[in-house]
Amino acid sequence: LRVLVGQDRQWSVAAEVRLGGGITSLAPMPDASALLAGTDAGAVYLVTLPDMSATVLRQSHTGSVRRVAFPKGCSDRFASCGADGVVRQWDLSDYSQTSAFALPTGAPPVA
């Protein structure tokens, strides 16, 4: 994950962080102080800005994380949904999982 600075055709890398796996989903915190990043390795990371330090929250899904999202106006909880068909809700104050449910078999995949 990289932060680029510049304009037109003159860009340079200002900061960079490597995560375990390819990034599949990004969600900014409402106050823009950090990003959530889901990976194809099943992990969810909290990446603080602008220093780009990354903390793995949990190796939470058995497959790729398809989506990470904050509820509107909320920065202390988020949800993740994986290719494993499980949706998990998280509390960022202590990085705990507060609930989870499995999508029904045969349900359309989460995009």
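**Notes on the hairpin, the salt bridges and two buried residues**

1. Let's start at the turn: Gln-7 has Gln-10 in β2 as its bridge partner. Strands here are DSSP runs of E with at least two residues, numbered from the N terminus. Before going on, keep in mind that this is a predicted model, where local features need pLDDT of at least 70 and side-chain atom pairs count only at pLDDT 80 or more, while totals for chains, interfaces and linings use all residues. Residues are numbered from 1 along each chain as its sequence is written, and side-chain values use heavy atoms, with hydrogens and water left out.

2. How do β1 and β2 run, and how many bridges join them? They run antiparallel, with six bridges between them; two strands count as paired if DSSP finds at least two bridges between them. The two form a hairpin with two residues in between, and Asp-8 in the turn has a positive phi of about 45 degrees.

3. Now the charges. Side chains of opposite charge can pair when their charged atoms come close. Searching the whole structure turns up three salt bridges, meaning a side-chain nitrogen of Lys or Arg within 4 Å of a carboxyl oxygen of Asp or Glu.

4. One of them links Arg-2 and Glu-16, with the closest N and O atoms 3.2 Å apart. Arg-2 sits in strand β1 (residues 2-7) and Glu-16 in strand β2 (residues 10-16), so this pair ties together parts that are 14 residues apart in sequence. Arg-2 is exposed at 52% relative accessibility, whereas Glu-16 is partly exposed at 38%. For these words, buried is under 20% relative accessible area, exposed is over 50%, and partly exposed is in between (1.4 Å probe, protein chains only).

5. Glu-16 also has a salt bridge with Arg-18, where the closest N and O atoms are 3.8 Å apart. Arg-18 is exposed, with a relative accessible area of 70%.

6. Elsewhere in the sequence, Arg-77 and Asp-76 meet through their side chains in a salt bridge (3.8 Å, N to O). Both are partly exposed: Arg-77 at 36% relative accessibility, Asp-76 at 38%. As for shared partners, Arg-2, Glu-16 and Arg-18 are joined by their salt bridges into one network.

7. Which residues make the nonpolar surface patch? Leu-4, Trp-11 and Val-13 do, and the patch covers about 320 Å². Patches take residues with over 30% relative accessible area and no salt bridge, joining like charges within 9 Å and nonpolar side chains (Val, Leu, Ile, Met, Phe, Trp, Tyr) within 5 Å. Trp-11 belongs to strand β2 and is partly exposed at 49% relative accessibility.

8. Ser-25 is worth a click. You'll find Ser-25 in strand β3 (residues 23-28), buried with a relative accessible area of 5%. A polar atom of the Ser-25 side chain lies 3.1 Å from the backbone nitrogen of Val-68. Leaving aside neighbours within four places in sequence, Ser-25 contacts Leu-36, Ala-37, Gly-38, Arg-66, Arg-67 and Val-68, contact being heavy atoms within 4.5 Å.

9. Is Gly-38 buried or exposed? Gly-38 is buried, at 0% relative accessibility, and its place is in strand β4 (residues 34-39). Not counting residues up to four places away in sequence, Gly-38 touches several others, including Gly-22, Ile-23, Ser-25 and Val-68. Gly-38 and Val-56 are 18 residues apart in sequence, and their C-alpha atoms are 9.8 Å apart in space.

Note on methods. Helix = DSSP H or I, 4+ residues; strand = E, 2+ residues; numbered from the N terminus. Areas by Shrake-Rupley, 256 points an atom, 1.4 Å probe, with all protein chains shown as cover. Polar contact = N/O pair within 3.5 Å; in protein donor to acceptor, adjacent residues only side chain to side chain.
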